[in-house]
Every structure is written in C-alpha cells, then in structure tokens.
Amino acid sequence: MKTNASEFYAITRTDRDHLDALLPIYQEFLVYYHDRYGHLLRGIALEENQILEYLRTQCDTDQSVIFFATLKATPQLPAGFLMMSRGCPAGKHRTTWAIKNLFVTPAQRGKGIASRLVGEALDYCPVSYTH
C-alpha cells in the first residue's frame, strides 16, 4: 500500500530564507548527476559559496521558482526539490514554465514526493488555453 505523501511531507516555495535548507540537497543533486552525466556538467562548480550564489540568483529573479519537500518530522532535512524556469517561446506572446531540475533523494524515492512537487508546480503556473 502506497502512503499519501502529503501526510509525511511539506512542500515549500523557496526564498532567500530557505537557502541553507536547500543547499545540502542541491549539492546532492549536483553530485548525483555529476557521477552519472559528468560529461554534461563540465564547468559546473560544486563549491558551496558558488552554489549559494547561484541559488540566491534563482530566488531573486522572477524567472525561476524552486519548491522543496521536507519530512514533516524533520523539516531541516530536504527530501526533494523542483526548479522551474520562465520562458517565452519565439513568436508567442505568453509566458511558459519549464521544469529545469527535479530531484528526490534516493532514500525518499517511490513515496510520491516527485508527484507532489510537480503538482505544486502545476498549481503555481497559470493555465491558458488561448492561442
């Protein structure tokens, strides 16, 4: 029986106040993907101060939104995050959002966290059916 992720996890939209909580999972994300796809990540810094500056920049702009999931029992331990970026496709007069990164720690996978993060992202994005 699969548990309901909302019973055990909280989803938060990241701002500057959450960067210290987000840093460890973002570092884990970089290491995870570097180990598997290092050839795609050449030149990406893994130093803490550079990562914090990057995340600070993402939080300060209206071009990115980051949500992160934490265990309700231990909110200081992030379980996953989703980063999305705003864009405007060529020839279109509307803004679109695209998921840039989605990561759940290996220990928390299979528990519905990614689905909750994506659901939160969908709730955040306005839906328009106009052409």
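A residue counts as buried when its relative accessible area is under 20%. By that rule, β2 is mostly covered, with seven of its eight residues buried. The model described here is predicted. Its chain holds four helices and four strands. Along the sequence they follow the pattern α-β-α-α-β-β-β-α. Of the 131 residues in the chain, 32% are buried.

**The sheet**

- Strands of a sheet pair through backbone hydrogen bonds, either parallel or antiparallel.
- Here the four strands form an open sheet in the order β1-β2-β3-β4, with antiparallel pairing.
- β1 (9-13) and β4 are the edge strands, and each of them pairs on one side only.
- From one strand to the next, the twist averages 20 degrees.

**Strand by strand**

- β1 and β2 are joined by five bridges and pair in the antiparallel sense. One residue to find here is Arg13, whose bridge partner in β2 is Phe67.
- β2 and β3 run antiparallel and are joined by seven bridges. These two strands form a hairpin, with six residues between them.
- Two bridge partners in β3 can be picked out. Ser64 is partnered by Ser85, and Ala69 is partnered by Gly80.
- β3 and β4 pair over eight bridges, again in the antiparallel sense. Gly80 has Val104 as its bridge partner in β4. Phe81 stands opposite Phe103 in β4.
- How many of the 10 residues of β3 are buried? Eight are, so β3 is largely enclosed by the rest of the structure.

**Helix α3**

- α3 lies across β2, β3 and β4. Its direction is at about 115 degrees to β2.
- Does the length of α3 fit its residue count, and what span should its 13 residues have? At 1.5 Å a residue, they should span 18 Å. The end C-alpha atoms are 18 Å apart, which agrees.
- The buried residues in α3 are Ile51, Leu52, Leu55 and Gln58.
- Seen down the helix axis, the buried residues of α3 fall within an arc of 120 degrees, so they line one face of the helix.

**The nonpolar cores**

- The largest nonpolar core has 16 residues. Leu22, Tyr26, Leu55 and Phe81 have the most contacts inside it.
- Four elements each supply at least two residues of this core: α2 (19-37), α3 (48-60), β2 (64-71) and β3 (78-87).
- Which element gives the largest share of this core? It is α2, with eight residues.
- Another core lies apart from that one and has 14 residues. Among them are Val65, Phe67, Leu82 and Leu117.
- Leu22, from the largest core, touches Thr14, Leu55, Ile66, Phe68 and Phe81, not counting residues up to four places away in sequence.

**Tyr9 and its surroundings**

- Tyr9 is in strand β1. Is Tyr9 buried or exposed? Tyr9 is buried, because its relative accessible area is 5%, which is under the 20% limit.
- Tyr9 and Ala69 are 60 residues apart in sequence. In space, they are 6.2 Å apart, C-alpha to C-alpha.
- Leaving aside neighbours within four places in sequence, Tyr9 is in contact with Thr70, Leu71, Lys72, Ala79, Gln108, Lys111, Ile113 and Arg116.

**Gln108, a buried loop residue**

- Where is Gln108? Gln108 is in the loop between β4 (96-104) and α4 (113-124).
- Gln108 counts as buried because its relative accessibility is 14%, and the limit is under 20%.
- Gln108 touches Tyr9, Leu71, Ala79 and Ile113, not counting residues up to four places away in sequence.

**Contacts along the chain**

- Take the contacts in the chain with a separation of 6 or more. Residues 24 or more positions apart account for 62% of them.

Note on methods. Residues are numbered from 1 along each chain as its sequence is written. This is a predicted model: local features need pLDDT of at least 70, side-chain atom pairs count only at pLDDT 80 or more; totals for chains, interfaces and linings use all residues. Side-chain values use heavy atoms; hydrogens and water are left out. Buried means under 20% relative accessible area, exposed over 50%, partly exposed in between (1.4 Å probe, protein chains only). Contact means heavy atoms within 4.5 Å. A nonpolar core is a set of buried Ala, Val, Leu, Ile, Met, Phe, Trp, Tyr and Cys residues joined through side-chain atoms within 4.5 Å. The expected span of a helix is 1.5 Å times one less than its number of residues. The arc is that of the directions from the helix axis to the C-beta atoms. Two strands pair if DSSP finds at least two bridges between them. Axes are lines fitted to C-alpha atoms, for helices over the stretch in contact, and angles run from 0 to 180 degrees between N-to-C directions.
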